[in-house]
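User: Zoom in on one part of this model for me and explain how its surroundings are put together. Spell out the cut-offs as you go.

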Amino acid sequence: MMTTPTSYKLLNVATGRVFQDAGWYLDDPMGKKPSLIRAIYEKKQIFLRDDTYGLYKFADWLPVSRFLQGSCAPVTYKSKELAKFLKLEHLYICFSGYFPDIGANMSTCSFKETEAYSVCGRISPNKKEVLVVASAGNTARAFAKVCSENKIPLLLCVPEDNLDALWFDKPLNDCVKLICAQSGCDYFDAIHLSNIVVKSKKYYPEGGAKNVARRDGMGTTILSATTFTGEIPDYYFQAVGSGTGAIAAWEANLRLIDDGRFSNKKTKLILSQNLPFIPMVNAWNAKSRELLPFDENEARKQVEEIDAKVLSNRKPPYGIVGGLFDAMTDTHGEFMAISNDDLRYAADLFEKLERIDIHPAAAVATASLLQAIKNNHVDKSKIIMLNITGGGEKLFRNSHHLYFLQPNHIFKMNPNEDEVLKIVDKWF
């Protein structure tokens with residue numbers, strides 16, 4: 001499915017400079033200070049296409065040059081049972097995952113599909129180099145699915161300990177390759193590996209939070225909730241590892257205000273991390289733009305302890321201009337720390353009341369909602385959006401035969417750069 005490219009320009013958040021996108025800018029080539037860039041769309045009011053377009057129903061506010069096959073949009077619905085349990089009048093759940101009963105059909109069971117279809121839709125069909133994506137698991141699964149089905153060359157970098165996240169309902173096309181950082185390594189080690197790979201001219205980085213397509217793909221969650229309710233939510237609950245989804249929600253919120261049809265309020269970001277790994281919680285509570293110093297070995301131990309492994313980014317886009325600190329400051333946000341026991345309780349409660357299983361990260365967000373209600377941190381009469389970033393995996397896995405992606409190579413911690421490049425340069 002092809003389309004006319006979305007018309008947009010790029011904004012340097014730090015300087016205000018607006019410039020044309022040359023195809024794959026991850027920052028301002030004339031910028032002297034680290035800053036995120038932001039897409040400025042020609043259409044100030046979003047026109048929604050019908051559901052047959054999947055994620056691309058929101059294409060007016062996605063920086064894409066083409067529509068790819070197989071996408072699904074997040075689904076928003078008004079909660080009955082969880083809302084009743086919490087005595088909430090307007091609890092809306094934005095569900096990204098596999099829940100056919102409500103029309104949610106993301107086969108990777110994660111909102112990372114919103115990123116993958118947007119990012120890959122930004123790639124020119126004529127691009128010859130190979131996309132490189134570092135991931136703790138869910139992002140890799142989403143990009144692998146999208147690239148395999150649309151024959152886009154992809155190299156994934158994932159910690160070996162997270163290989164169980166790379167499951168699929170059909171074998172992948174050979175255009176998808178996988179390298180791993182050995183057992184004991186974490187997401188940051190996978191990022192380090194990807195940074196080595198992109199030194200080769202054959203490869204280019206996806207860019208993570210710096211990629212406007214990734215953020216605007218994730219921003220479709222709040223677009224879904226707002227267009228469903230007709231009004232910008234008062235509160236937005238989500239668990240964060242990098243915080244990219246929350247930055248995306250904030251940016252989409254600003255566009256919705258400019259649209260003029262959905263109120264002019266800024267939704268309060270209420271974000272959460274999984275104890276004991278809470279670097280952004282600690283920084284925010286200290287009112288620090290920069291993350292507080294921490295020992296990397298201690299951080300790895302903390303990551304081993306948390307249930308929500310995808311929330312384990314040690315170098316998130318927190319302090320950069322236009323990043324999470326700015327988003328939280330602008331929305332008077334709050335950060336919460338959630339224990340494994342609390343997220344497990346929340347997961348069981350959600351499955352019992354809403355009748356679908358959810359990922360640990362989504363359970364962290366649910367637990368933060370429970371805690372916020374208990375502590376009277378929200379007005380129960382206001383519109384509350386709970387971003388369920390992954391769910392239905394148990395249902396999907398029980399009803400499909402699964403195939404697991406195996407690594408093409410496993411590298412030791414802090415590998416030799418020449419060795420890495422010599423190996424990966426042979427593949428494409």
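Analyst:
**The close-up**

Asn387 is buried, its relative accessible area being 0%. Buried here means under 20% relative accessible area, exposed means over 50%, and partly exposed is in between, with a 1.4 Å probe and protein chains only. Before going on: this is a predicted model, so local features need pLDDT of at least 70 and side-chain atom pairs count only at pLDDT 80 or more, while totals for chains, interfaces and linings use all residues. Residues are numbered from 1 along each chain as its sequence is written, and side-chain values use heavy atoms, with hydrogens and water left out.

Asn387 sits in strand β16, residues 383-388. Strands (E, at least two residues) and helices (H or I, at least four) are DSSP runs, numbered from the N terminus. The side chain of Asn387 has a polar contact of 3.0 Å with the side chain of Tyr236, and another, at 3.1 Å, with that of Gln238. A polar contact is a pair of N or O atoms within 3.5 Å; within protein, one must be able to donate a hydrogen and the other to accept it, and residues adjacent in sequence count only if both atoms are side-chain atoms. Leaving out residues up to four places away in sequence, Asn387 touches Cys94, Phe111, Thr221, Tyr236, Phe237, Gln238 and Ala365, where contact means heavy atoms within 4.5 Å.

Thr221 is a handy way out of this pocket of contacts, since the next stop is helix α6. How do α6 and α7 cross? The axes of α6 (residues 220-229) and α7 (residues 244-259) come within 8 Å and cross at roughly 40°. Axes are lines fitted to C-alpha atoms, for helices over the stretch in contact, and angles run from 0 to 180 degrees between N-to-C directions. That makes α6 and α7 oblique to each other: under 35 degrees is roughly parallel, over 145 roughly antiparallel, 65 to 115 roughly perpendicular, and the rest oblique. The crossing is right-handed, i.e. the near helix is turned clockwise from the far one by less than a right angle, whereas anticlockwise would be left-handed. Ile222, Leu223 and Thr226 of α6 meet Ala249, Ala252 and Leu256 of α7. By class, that contact has five nonpolar, one polar and no charged residues. Nonpolar covers Ala, Val, Leu, Ile, Met, Phe, Trp, Tyr, Cys and Pro; charged covers Asp, Glu, Lys and Arg; the others, Gly among them, are polar.

α6 also leads on to α2. Helix α2 (residues 112-122) has 11 of its 11 residues buried, charged-type names such as Lys112, Glu113, Glu115 and Arg122 among them. What covers the buried residues of α2 includes α6, along with β1 (8-12), β8 (130-134), α3 (138-150) and α5 (212-218).

For another buried polar-contact site, try Asp28, in the loop between β2 (18-19) and β3 (37-41). Asp28 counts as buried at 7% relative accessibility. Its side chain makes polar contacts with the side chains of Asn12 at 2.9 Å and Arg17 at 2.7 Å.

On backbone quirks, a cis peptide bond joins Leu275 and Pro276, with omega about 10°. Lys87, in the loop between α1 (81-86) and β5 (90-95), has a positive phi near 60° and is exposed at 62%. Lys287 has phi near 55°, and at 61% relative accessibility it counts as exposed.
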